[in-house]
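Let's take a walk through this structure, beginning at a pocket and then stepping back to the overall fold. Keep the viewer open and follow along.

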Amino acid sequence: RSVGYSMSTPQIIQDSHLRPDLFHWRGPIAPAKLNSWLQEHRLDACPTDLRFLWEQTGGGDLLETETILGPFGDPEMGDAVLSANRELHERGLADKLVVFHTGTTTSAVDLLAGDYVEVNGRDFRALRRFRTLDDWYAGTIRNALGGRYGFG
């Protein structure tokens, strides 16, 4: 657990402990390294709960079809935040949005509002907004796929 965070463990991490066979994380990122990277790329407005997820996991693949993009992901594998977003911004994604999840849906963090947005993958229209990472996970991935994998 990272110093300075007073939140409970996000549900997505709890689920990965229940079914580690379904979650293939890149590996933890040291808080100082992540904070430096976020500042360098002007992403330091990312919400605390997303920072915590990246610190704990580094991003990765889950539930067969889903990818949490990571700061130090592999651009050739399509799981790096910067390269994926560069392409999406060229296709019309608003600058204030940073896509952090792809799969059955596309999800971004809104750096100005500080919330999470499920967007249409073609025209980037906002479909739904979520206040927290847990709200987002419960309303998207876990809702769509959780039953298949035994998550209540």
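Start with helix α4, residues 81-90, which contributes the most to the lining of the largest pocket, with five residues. Keep in mind that this is a predicted model. The pocket itself has a volume of about 190 Å³. If you want to select its lining, pick His-41, Leu-43, Val-81, Leu-82, Asn-85, Arg-86, His-89, Asp-95, Val-98 and Leu-111. Sorted by class, that lining comes out as five nonpolar, three polar and two charged residues.

Now zoom out. The protein has six helices and seven strands, and reading along the sequence you get the pattern α-β-α-α-β-β-α-β-β-β-β-α-α. The C-alpha trace spans about 40 × 35 × 30 Å along its principal axes. How does the radius of gyration sit against what a compact globule would have? For 152 residues the globule value would be near 15 Å, and the protein has 14 Å, so the two agree. Burial adds to that picture: 49% of the 152 residues count as buried. As for the contacts with a separation of 6 or more, 52% of them come from residues 24 or more positions apart.

For a covered element, go to helix α3, residues 48-57, where eight of the 10 residues are buried. The buried set is Asp-49, Leu-50, Arg-51, Phe-52, Leu-53, Trp-54, Glu-55 and Thr-57. Just after α3, Gly-58 takes a positive phi of about 75°.

That brings us to backbone angles. Most residues other than glycine have a negative phi, so it's worth checking the ones that go the other way. Arg-42 is not a glycine, yet its phi is positive, at about 55°. You'll find Arg-42 in the loop between α2 (31-40) and α3. Phe-124 also has a positive phi without being a glycine, near 65°, and its place is in the loop between β6 (115-119) and β7 (126-130). Are these two buried or exposed? Arg-42 is exposed, because its relative accessible area of 74% is over the 50% cut-off. Phe-124 counts as buried, because its relative accessibility is 9%, under the 20% limit.

Next, click on Thr-67 in strand β3, residues 66-68. Thr-67 has a relative accessibility of 14%, so it counts as buried. Its side chain makes a polar contact with the side chain of Asp-61, at 2.7 Å. Setting aside neighbours within four places in sequence, the residues in contact with Thr-67 are Gly-60, Asp-61, Asp-79, Phe-100, His-101 and Thr-102.

Finish at another threonine, Thr-140, in the loop between α5 (133-139) and α6 (141-145). Although it lies in a loop, Thr-140 counts as buried because its relative accessibility is 5%. Which residues does Thr-140 touch, not counting those up to four places away in sequence? They are Thr-105, Glu-118, Arg-128 and Phe-130. Glu-118 falls within β6 (115-119), while Arg-128 and Phe-130 belong to β7 (126-130). If you measure from Thr-140 to Phe-130, C-alpha to C-alpha, you should get 9.8 Å for a pair 10 residues apart in sequence.

How values were computed: Residues numbered from 1 in each chain as written. Predicted model: local features only at pLDDT ≥ 70, side-chain atom pairs only at ≥ 80, totals over all residues. Heavy atoms only, no water. 1 Å grid on protein atoms, 1.4 Å probe; cavity = no way out; pocket = protein on both sides within 12 Å on 5 of 7 lines; lining within 4 Å. Points joined across faces, edges and corners; volume = space filled by probe spheres on them. Helix = DSSP H or I, 4+ residues; strand = E, 2+ residues; numbered from the N terminus. Nonpolar A, V, L, I, M, F, W, Y, C, P; charged D, E, K, R; others polar. Buried < 20%, exposed > 50% of the residue type's maximum accessible area, 1.4 Å probe, protein only. Polar contact = N/O pair within 3.5 Å; in protein donor to acceptor, adjacent residues only side chain to side chain. Contact = heavy atoms within 4.5 Å. Rg over C-alpha atoms; globule rule 2.2 N^0.38 Å.
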